[in-house]
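Visitor: I'd like a walk through this structure, with a few questions along the way. Could you show it to me before we start?

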Amino acid sequence: MANPKPEELARIEYNPPKTGWMDTPTVFKPGIFPYGCKPKSLETVSFPNPRSWSVKDEDWKLPENWQEIFIEGLRERVNKYRSFRLFLDICVRCGACADKCHFYIGGGDPKNMPVLRAELLRSVYRKYCTTSGKIMGKIAGARELTIDVLKEIWYYAYQCTECRRCSLFCPYGIDTAEITILARELLNLLGLNIDWIAGPVANCWLTGNHLGLQPHTIIDSFDMFINDLETATGIRVSPTFNRKGAEILLVVPSGDLFADPGTYTTMGELLLFHELGLDYTWSTFASEGGDFGFFTSNEMAKRLHNKIYEEAKRLKVKWIMGGECGHMWRVWHQYHNTWFGPVDFLEEPVSPITGTKFENTKSNKTVHICEFTADLIKHGKLNLDPSRNDNLIVTYHDSCNTSRGMGFFEEPRYIINSVCKNFYEMPPNTIREQTFCCGSGSGLNASENMENRLRGGLPRANAVKHVKEKYGVNMLACICAIDRAALVTAVDYWVPGVGVTGVHELVANALVMKGEKKRTKDLRGEPLPGMEGE
Amino acid sequence: MNLEALLSEKKAAIVKKWFDLIIDNYPSDSSNFFKKQKDRFLNPVGHTISQSIDSLFDEILHGIDSEKLFPFLNDIIKIKAVQDFSPSKALSFIFLLKQAIRKEIGSDIKKKQISDELASIESHIDDLALLSFDIYMKCRERIYEIKADESRRMMFRLLQKANLVCEIQEQESDLKSKTVLTQNIKG
Ligand code: SF4
Ligand code: SF4
């Protein structure tokens, strides 16, 4: 045989083999998977199989009867959740969802096509829960649950941000996010959570927030905000904590209490509510709106969510206001009522400033801070000077959870348009229902899986890049704490030169307050437009 | 007709071949998508590669001006640096241009006896590859830097509270500056 020419060699090497998905082994790549959970985190919440283990090790230290546990767990959930069984049964593999996932679009790994991601678990379901799969095996798309299959399910369950973009395009309404949610729940039966989720869950169970901040630490954090705000405005705000009898309990994601730039959103909220003289309280117990339990299991989500209502009951507030958070709202909107039904010990929320009844919140008595603020602006209750944001050319990212999880589109846009003069939308097929995920949701915003996060963030960042080039956009507004952490990173890599902000930071910059000093700096301590020399 | 004229004339075919060869590096289920989806917002990978190699091709014809080439190379390599490629595979796209040229106009080159000129174009392509190594390394370093920056942002308030960061506070607004704190967190 003649020696192959260089081009031929190159062809052989360059082109990946064409094998069917079941026969293409999954290789775990650093930069893609998050670290495994620590035993302490599982022990704290009494979850099974706490032990030290590493994803990179051959032996994941599973219980001997792990197959049985997994398959029994699968059968139980298939019987319990009709939607789950339906999603597993009715997929016709039409492929409409295939190219809708940001991880697939940005990375090109076929198993990140939603249809294949679901098929990883669906094939096991067929084998153990359907007659055709039991009898015909591979021909019917069924396969045994081997250890490699389990590991593959794990690898791709933690490469899905549960964003639901794919479900928007499925003619049958199959929600692959729900399949991932249940795959993770099954994996948790074997102690196969990731550190970045299990740690915050344990913290939240112990202290009320993901970071494990204790009351004095939270209050110290606020002291810093109060000082910084006084420097910026000359006004000293005086928030209250755990105050019984306050009208409103405010719950925000704890990320906004310590991580920049989320902290400026909290500072914005402090200023706004001070200006209104709102009768509200923070809680150092219900100090977390987010719920990483939701990325673990239905039961854990419920356990963590519960504290907000326990606290509302204890403090005897009338209603609850929720801050700028993503999955907190998905939980409130889609799961809360199933768990607890309508809340009977709170009042139907009414804005004390405008008298508006928030009828949409009749059941769970919780108002989104953007609904509240948009209503204030609509009623002319705020003195706003949008020119203070003239240095900003803003676009808006719809968080997957608030958009696809609850259909919340107009209020944030209305607020942004009221507090700044330069607002430009990203292309229509990348916003609102069709918004692209930040690439780091559902507990995947760890550091060790950064390459995967960046792949997932590419479609979003690509649309940001477009508006930056076309309109000079330099600020990306959002109403989600994970976005505020993760988009800064994604944008830094893909579109350097664009900042990230919460909506209430923009509000506070534009807010003209009674008795304020001449404002020369924004909340970040940077000069307001026209004040550069001051 | 010299080679440059020939390359210009056949640009469309060569660039298309080059694009196809690059995209064939991806698993077949994905390469179909990267090739077929024409909406730039629904297919940033395919779009970026096709736009950038189009511009790269024009630049190569006129010699190697690294400043002009940088943005196009950077856009592609940034993507490759986070995908499932070893460094050599990530950068193989440069060399695939040689293949594309030979495939599309190899016989014309022989006929017209302008292989010498081809050698000079190929050496431009080699220069491009060297430049690409630098960019690839920068992208990989950038990934480590943004990880460190992210940890710093996450903990900044807590460290500030513990009086650990008073001295470097002034540099905080400048994300590009690598402060002592960043180093400490990482190592
Ligand atoms: S839910 Fe989102 S991340 Fe998961 S498969 Fe669908 S599009 Fe991808
Ligand atoms: S769009 Fe729906 S039916 Fe079609 S492959 Fe995807 S999940 Fe299956």
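Visitor: What does the accessible surface of chain B come to, and what share of it belongs to carbon and sulfur atoms?
Guide: Bear in mind that this is a predicted model. The accessible surface of chain B comes to about 8,900 Å². The share that belongs to carbon and sulfur atoms is 50%.

Visitor: How many helices and strands does chain B have?
Guide: Reading from the N terminus, the elements of chain B go α-α-α-α-α-α-α-α. There's no strand anywhere in that run, and the count is eight helices and zero strands.

Visitor: What percentage of chain B counts as buried?
Guide: Chain B has 187 residues. Looking at its contacts with a separation of 6 or more, 71% are between residues 24 or more positions apart. As for burial, the figure for chain B is 51%.

Visitor: Is His124(B) buried or exposed?
Guide: You'll find His124(B) in helix H7 of chain B. Leaving aside neighbours within four places in sequence, His124(B) is in contact with Ile60(B), Gly63(B) and Ile64(B). Its relative accessibility is 18%, and the cut-off for burial is under 20%. Therefore His124(B) counts as buried.

Visitor: Which residues have the most contacts inside the largest nonpolar core?
Guide: In general, nonpolar side chains in soluble globular proteins tend to be buried together. Here the largest nonpolar core has 148 residues, and those with the most contacts inside it are Trp154(A), Leu73(B) and Ile101(B).

Visitor: And which helix of chain B gives the most to this core?
Guide: This core of 148 residues also reaches into chain A, with at least three residues from each of domain 1 (6-30 + 48-192) and domain 2 (202-510). On the chain B side, 11 residues come from the top contributor, which is helix H7 (residues 115-161).

Visitor: What is Ile101(B) in contact with, leaving aside its neighbours within four places in sequence?
Guide: Ile101(B) is one of the residues with the most contacts inside the largest core. With those sequence neighbours set aside, its partners are Leu7(B), Ile14(B), Gly106(B), Ile109(B), Leu118(B), Ile121(B) and Ile125(B).

Visitor: How many residues are in the second, separate core?
Guide: Val237(A), Met321(A), Cys325(A) and Val507(A) are among its members. The second core is separate from the one around Ile101(B), and its size is 73 residues.

Visitor: How far apart are the C-alpha centres of domain 1 and domain 2 of chain A?
Guide: The domain assignment of chain A gives domain 1 (6-30 + 48-192) and domain 2 (202-510). Their contact takes 22 residues from domain 1 and 27 residues from domain 2. The distance between the C-alpha centres is 32 Å.

Visitor: Why is helix H16 of chain A largely enclosed by the rest of the structure?
Guide: H16 packs its buried residues against H13, E3, strand E4 (366-368), helix H18 (410-419) and helix H21 (503-510) of chain A. Phe372(A), Leu376(A) and Asp375(A) are among those buried residues. Just after H16, Gly380(A) takes a positive phi of about 65°. H16 is largely enclosed because its buried residues number nine of the 10.

Visitor: Arg164(A) and Lys316(A) both have a positive phi without being glycine; which of them is buried and which is exposed?
Guide: Phi is about 70° for Arg164(A) and near 55° for Lys316(A). Arg164(A) sits in the loop between helix H8 (147-157) and helix H9 (176-188) of chain A, while Lys316(A) is in the loop between helix H14 (298-315) and strand E3 (319-322). With relative accessible areas of 18% for Arg164(A) and 66% for Lys316(A), the buried one is Arg164(A) and the exposed one is Lys316(A).

Visitor: How do the residues of the shell around ligand 1 divide by class?
Guide: Arg164(A) turns up here too, in a shell that also includes Cys101(A), His102(A), Cys160(A), Cys163(A) and Cys166(A). By class, the shell divides into six nonpolar, two polar and three charged.

Visitor: What about the classes in the shell around ligand 2?
Guide: Ligand 2 has Cys91(A), Cys94(A), Cys97(A) and Cys170(A) among its surrounding residues, along with Arg93(A) and Gly95(A). The shell has one charged residue, one polar and 10 nonpolar.

Visitor: Which two residues does the cis peptide bond with omega of about 5° join?
Guide: One partner is a proline in the loop between helix H12 (255-258) and helix H13 (262-276) of chain A. The bond joins Asp260(A) and Pro261(A).

Definitions and conventions
Residues numbered from 1 in each chain as written. Chains lettered and ligands numbered in written order. Predicted model: local features only at pLDDT ≥ 70, side-chain atom pairs only at ≥ 80, totals over all residues. Heavy atoms only, no water. Near = heavy atom within 4 Å. Nonpolar A, V, L, I, M, F, W, Y, C, P; charged D, E, K, R; others polar. Helix = DSSP H or I, 4+ residues; strand = E, 2+ residues; numbered from the N terminus. Buried < 20%, exposed > 50% of the residue type's maximum accessible area, 1.4 Å probe, protein only. Contact = heavy atoms within 4.5 Å. Areas by Shrake-Rupley, 256 points an atom, 1.4 Å probe, with all protein chains shown as cover. Core = buried A, V, L, I, M, F, W, Y, C linked by side-chain atoms within 4.5 Å. Domains from an automatic or database assignment.
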